[in-house]
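Got your viewer open? Load the model and follow along, one selection at a time.

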2 protein chains.
Amino acid sequence: MSNLDLSPVVDQTIRKQILTRLMPLIVSGKLEPGQRLREQDLARHLGVSRAPLREAIRDLVDVGLLVSVPYKGVHVRLTGRKDLEEIYSLRVALEQLAFRECWNKRDLAALADLQARNQALSDTIQQGSDGTRAIEQELHLHSWCFELSGHSLLLQAWDRMKPNLHLYFSLHQHAHGRQGPLRQAHDAYLAFASGDDLSAMLSHLVDHMRQGLETTQKLFDEDEAALEIKKVPGS
Amino acid sequence: MSNLDLSPVVDQTIRKQILTRLMPLIVSGKLEPGQRLREQDLARHLGVSRAPLREAIRDLVDVGLLVSVPYKGVHVRLTGRKDLEEIYSLRVALEQLAFRECWNKRDLAALADLQARNQALSDTIQQGSDGTRAIEQELHLHSWCFELSGHSLLLQAWDRMKPNLHLYFSLHQHAHGRQGPLRQAHDAYLAFASGDDLSAMLSHLVDHMRQGLETTQKLFDEDEAALEIKKVPGS
DNA sequence: TATAATAGGATTGTCGACAAAAATCTTTCT
DNA sequence: AGAAAGATTTTTGTCGACAATCCTATTATA
C-alpha cells in the first residue's frame, strides 16, 4: 500500500520539475554545502528560463536548504554544530506538541499505520542497500504523529524541517560507513507511541532526539574545519 | 532608543514596497478575511508589473496571511476557531522553548530591555489612542525571549507567526471596544520572566496564553457565522 | 607603495507579452 | 427545462530582455 510510489508521469510545471531535480541533489549531499549556484548557468544547463528557476530557488531558500546572499548569489547551506543543535531543539518541541495533539486520536488504524511505517523502515535497513530510502522512511515514520495530529500549522513546520534533517542524515551517512538509522533505535519509540503514558512518551522523545543529535554531531567532531570554516568559493 | 522608528526613506525594491503597503492592510483587518485579490487589478492599481507583485503575494502566502486557491485566486485568510487554536498551541510550544534557550542568557541589559518593552506597551495602552501600535508593542514584548535566545530557527518560526497574531488581535479589537491588551496582563509575565524559576515561567506561559486565547475566542462565540462561513465572494 | 577613482562582471529586480490550464459562463440541442 | 458542448474569462506559468544595484578587480594618481 505504501510501496506503489510510482513516480508521477511528469510534473506539470517547470518549477516543480526543477524542484524535484534539485532537492534530491542537495539533501543527498551530492551538491556539497557551500556549493555556489549560478542562476544563468543553471538555467542554461537545465534548458529553462530564469523565471521558474528563481521560484524554485526561492522555495529551497524558504525551507533553508539554500542560502541567498544578496548580490552575491545562492549557495547550499553551510552545516555546523550550531545549526544542528537548533534543528534538534526545535524538533523536540514540535514533536512533543505533535504527540500531545494526536494522543487521543490514536485508533487501531493509526497504530497499524505507525507499525507499517516502522516495518518498512526496518526492512529497508535490513537489506541495507539504499541509504537514501532508509532516511526517507525514518522521516516518514516520524511524520506519523504530525499527520495524525491534524494540526496544519504544526505539520507545515515539520515539512519545513524535514529536508534539513535529510541533509544532515545524508552527510552523516557519507562521512561514516553507510549505517543508516539503527534498527533498534525506534523500537522504544514505537512502544511508547503505542502505549498509554503520554508523559513517558514526551520524555522518551528528549532521549531519542539527544541520541540522534549526538550521533550526528560526531560528524563535526572530526572534520569540523572542513565543513564549517569553508567559505563560499569565489568561482 | 526604541522610539526612533522613523520609516526608512524609501524601500528599495518594489517587492518590499508592496509588502509594506499590503501587510498593514491585511493585519489591521482593513482587507477583511475572505477578500479576494486580483493580480491584474492590484498591479494596475499599484502601478507595478505582475512580477514583483507575485513575489510579494508569495511572501504573504508563506506567512499564512493570504491563501492561494489554485486557479481561483488568492484571498485574505479566513479566520476561525480552529486556526486560532492551532496558532496558540504552537505559540506556547515555541515560546516555552524560547525561554528555555534564553534563560541563562538573561543579564542586566537584557532584563532592562524587557522592562523597557513592557513600559512602552503600558504607555501606549494608557494613552489609549493607537490600537495598532499597542498590538505591535505587545508582539515586540513577546519577541524579547526569541531574540535573546539566539536561536535563529526559532526566531524565524516566531516571525512567521507574528503577523497572524496581529491579524487576530486586530479583528478582536474591531469587534469589541478598542481595549487593547489589558495592562495588568503582562505584569505577571514580566515578573516570571525576570525571576529565577524557569518551570514557573513555563507554566505561567500556558495560563497566559490560554487567557489570551479565550479572550480572542469570544470573537467567534458571537458572530461565528459571519466570519467562518463566509465564502470567497464571487466578485 | 598606498589610496582613490573607475571600469567590468555578476546578480538581482523589473517589465511586457504570450501560452497553457482551469474555471465559469453561454449557447445549443434534446 | 436539463444536460452537454463550446466559448470566454481568469489565473497561472513561462519567456526573453533590460535596468539597477552591488561587488571586484584594475588602473591611475599622489
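**Start at the shaky ends**

Select residues 1-9 of chain A: pLDDT (the predictor's confidence in each residue, from 0 to 100) stays under 50 there, and the model has two contacts beyond four places in sequence for this stretch. A contact means two residues whose C-beta atoms, placed from the backbone, lie within 7 Å. Now jump to residues 224-235 of chain A, where pLDDT also stays under 50, with twelve contacts beyond four places in sequence. Where pLDDT is low, don't read the predicted coordinates in detail.

This is a predicted model, so local features need pLDDT of at least 70 and side-chain atom pairs count only at pLDDT 80 or more, while totals for chains, interfaces and linings use all residues. Residues are numbered from 1 along each chain as its sequence is written, and chains are lettered from A and ligands numbered from 1 in the order in which they are written.

**Next, DNA strand D**

Show the 18 residues around DNA strand D; Thr13(A), Ile14(A), Ser49(A), Ala51(A) and Pro52(A) come nearest. "Near" means a C-beta atom, placed from the backbone, within 6 Å of the strand. Color α3(A), which gives the largest share of this surface, three residues. Helices (H or I, at least four residues) and strands (E, at least two) are DSSP runs, numbered from the N terminus.

**Last stop, chain B against chain A**

Select the 14 residues of chain B that are in contact with 14 residues of chain A. α4 (81-102) and α7 (152-175) of chain B each give two or more residues to that side, with α4(B) giving the most, eight.
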